[in-house]
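Thank you all for coming; please have the sequence and the model open while I talk. I will go through the empty spaces inside the protein, then the cysteines, and then the domains.

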Amino acid sequence: MLDSAVSSRLAALLPPEAWLTADEDTRAYECDGLTLYRTRPAAVALPETEAQVVAILRQCHQARIPVVARGAGTGLSGGATPDAGGVLLSLAKFRRILAIDPESQTAVVQPGVRNLAISEAAAAHGLYYAPDPSSQIACTIGGNVAENAGGVHCLKYGLTVHNVRRVRGVLIDGSTVEFGGDALDAPGYDLLALINGSEGLLAVITEVTVKLTPKPLLAQVALASFDDVGRAGLAVSAVIGAGIVPAGLEMMDRAATRAVEAFVHANYPLDAQAILLVESDGTPEEVAAEMAEIKRVLAASGATAIRVSTDEKERLLLWSGRKAAFPAVGRIAADYICMDGTIPRRTLPQVLARIDEFSHRFGLACANVFHAGDGNLHPLIMFDANVAEEAERAEAFGAAILELCIEVGGTITGEHGVGIEKIRQMCTQFRPDELTSFLGVKAAFDEHGLLNPGKAVPTLHRCAEFGKMHVHRGALPHPELPRF
Amino acid sequence: MTDAVVLGWQQRIRDAAASGRPLRIRGGGSKDFYGQEPVGELLDTTPLAGIVDYDPTELVLTARAGTPLAEVERVLADAGQMLAFEPPHFGPGATLGGTVAAGLSGPRRPYAGAVRDLVLGTRILDGRGTELAFGGRVMKNVAGFDVARLMTGALGTLGVLLEISLKCQPLPKAVTVRVLECGAAESLRLTCGWAAQPLSLAGTCHVDGRLVVRLAGAAPAVAAAAARIGGSAWPEGDALFASLREQTHPFFAAAGGPGRALWRLAVKPTAPYADLGGAQLIEWGGALRWLDLDAGADPQPLRAWAASHGGHATLFRGGDKAAGVFQPLDETLLGLHRRLKANFDPQGILNRGRLYPGL
């Protein structure tokens, strides 16, 4: 609950319909895409101008009230989970595309503009916004920047951080600030890089200039089947090793293809242990040459069948299965949790074998979809929350996967963010000195820790409470002990 | 298993922090000219050298900061890969650490990304002598703040780089260079128009009434783009782009001469051509304008012009550094810089003042 004097001062900053405190109004904001965690915020603010954002933040700063910024709420790590004693600041009304400039290949947009809406607006100029998280029809650019969102095409076209030129925002004390600019670099420290992926801990974003990319003339996708998961993993390395950077390079195991085939009928081979989707884009000549090379490498790597899309309809059909993987698993399992570790690609066969072991040990099924090109693994752990202890087992299974990712030299999150979901594993991935340094970065922007408290970076005190040990570069303390 | 060299540096940093005497971090010294005058006792990074891990199929290379840039590039080239941001060496001794600390990228930057775009992880010593690792050796990693990229271009003021992981890319299968005779304004119109099309651009340069365009990628795409762009083939293209990258081109030789100052103006590529009082060389499809001016030229009009076109001006070589090398920051940004510096280097001993006074 907010102090009533503070609450009325805040309410006075906005029109009545933009300040919500009633239970039935704030309920819609109690969680983001990570629905396991729900908290009702003390109030929801829906500003529509930067001046209102400044005024709200200044007031909250003075009164030391936590503020959680929120875009579309599609995040999967709980980054927009409200603070019970704080203000949930929705940027949903910031939904104007301010400029599309084909000459400089940029778009200036407000943070509440949907990812896909940018590409739609730029299409008339033969341009698009390249990062394409799977939630792109709903997720907004402000959230994309906050999470440094990825997508299926980022091996070739980069993550959000590579496609954003300038971010305008407001610090917790109400001062406005611009990171980056219209040039390709900016003076001083690269704060633009720092703001990307900062999970709403450093500033509230009010405007973003994104880079637009010329649309390739043609795209084709190859679907390759493998009778062994490890062999499919080696084929991925072989493609990259041949000097090819495909526009997309995805892998699904049999559990995943079976789940999606029943759902979208993409004509996936059901007997294959794993499939790869390899996309090539560019001019028609370029695609023809690259696709010939891709087929050669896949065949040499032991693919049992290769099918190449012959038109756009077939290409979209082949992709539809991959894109429907999460809902398809949602159909066959009562509940599932999605992990997001990244690993060095060469460790893939070993990691998949271990995940299979975990699956038996925890007694829970797991389907694997994988942004194979950039080593980003999404195991989907299936469970039933109504069965006693299954949720706990699923969480333990997920934690084991994340710790395995760290052990092989990877990371606990490739694109979903830490949020509250993976905050415990931060204590494993980073040493206390590094966490202290992160907390210092946070304090440089937000001395009192008011923006999105309790997310992304754990305090050392919390790590001690979790009882987590640090595994650095695969060097476990007491390597002589068996660990399960 | 910390290296003996690193242990020695930790002790030196702790001593420096205790006494408040600054340290000047230096690799090959090839970029000593860049930024404000280095001050302090020398900390030579060249003893910490060597490639730690490189697997071409991972597209990731990890090397110690003192590793010669030439060695990194040779090893990559042997595997058919490259550092796509084309870092300038500016001298035979350039190191990987200096490359990342300076944050400079070459002609391919608008099309393949800058140094910071390809940095995946760094291991550093902060100003307390504490060893810290940020980012990692994988392509996608959003755990924790992106401090690895923050180190890029910080000119060593936030930490001593120990080890760096970079994303590598395959060498293009075909490269061709075209040349067109045209004025600067026409050149800007052409390059902005081309950039909006899928044309395999990999570098542009306008100087002395001539626009030179490099195309790179798959052979059929490069051929199609060359036909689209027109002009004529330029047989000395490789040498030209090497001379731009290393600033050995006659334009830079003149601008680096006595009594001259070389200014670097990074602006929105669509900024119109403006006579700013000296010869200009335009790169990056219009986003980078090099200016050869008298050493005593007033920086104010340059900074104002660059700012009005969304960018900033840097006194790159020569001239009077007393008035500042880099575009001044506004109060809010400067406050953030000071507090970040205090977080990583509370005693202000690492490359003190190299970027801005007081940092």
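The residues that line the second largest cavity divide into 10 nonpolar, six polar and three charged, where Ala, Val, Leu, Ile, Met, Phe, Trp, Tyr, Cys and Pro count as nonpolar, Asp, Glu, Lys and Arg as charged, and the others, Gly among them, as polar. This is a predicted model, in which local features need pLDDT of at least 70 and side-chain atom pairs count only at pLDDT 80 or more, while totals for chains, interfaces and linings use all residues. Residues are numbered from 1 along each chain as its sequence is written, chains are lettered from A and ligands numbered from 1 in the order in which they are written, and side-chain values use heavy atoms, with hydrogens and water left out.

A cavity, on a 1 Å grid over the protein atoms alone, is a set of points where a 1.4 Å probe fits but cannot get out, and its lining residues have an atom within 4 Å of a point. The volume is the space filled by probe spheres set on the points, with grid points joined across faces, edges and corners.

The second largest cavity has a volume of about 190 Å³, and of the 19 residues that line this cavity, the closest to its centre are Gly135(B), Asn141(B), Val142(B), Asp146(B) and Arg149(B). Two elements of chain B, strand 6 (119-125) and helix 6 (147-151), give two or more residues to this lining, and helix 6 of chain B provides the largest share, three residues. Helices (H or I, at least four residues) and strands (E, at least two) are DSSP runs, numbered from the N terminus.

How many cavities of 30 Å³ or more are there? The count comes to nine, and the largest has a volume of about 310 Å³. Of the 24 residues lining the largest cavity, Ile25(B), Arg26(B), Gly27(B), Gly98(B) and Ala101(B) are the closest to its centre. Helix 3 of chain B gives the most to that lining, with four residues, and the lining as a whole divides into nine nonpolar, 11 polar and four charged residues.

Let me turn to the cysteines. A disulfide is a pair of cysteine sulfur atoms within 2.5 Å, and by this rule there is one over all chains, which joins Cys427(A) to Cys463(A) with an S to S distance of 2.0 Å. Cys427(A) lies in helix 15 (residues 423-429) of chain A and Cys463(A) in helix 17 (residues 460-466) of chain A, so the pair ties together parts that are 36 residues apart in sequence. The torsion about their S-S bond is about -80°, and therefore the disulfide is left-handed.

Buried means under 20% relative accessible area, exposed over 50%, and partly exposed in between, with a 1.4 Å probe and protein chains only. Cys427(A) is buried at 4% relative accessibility, and Cys463(A) is buried at 8%.

Why does Cys31(A) form no such bond? The closest cysteine sulfur, in Cys338(A), is 16 Å from the sulfur of Cys31(A), which is too far for a bond.

Finally, the domains, whose bounds come from an automatic or database domain assignment: in chain A these are domain 1 (4-90), domain 2 (104-214), domain 3 (218-320) and domain 4 (333-466). The C-alpha centres of domain 2 and domain 3 of chain A lie 30 Å apart, and five residues of domain 2 are in contact (heavy atoms within 4.5 Å) with 10 residues of domain 3.

Methods:
On a 1 Å grid over the protein atoms alone, a cavity is a set of points where a 1.4 Å probe fits but cannot get out, and a pocket is an open set with protein on both sides within 12 Å along at least five of seven lines; lining residues have an atom within 4 Å of a point.
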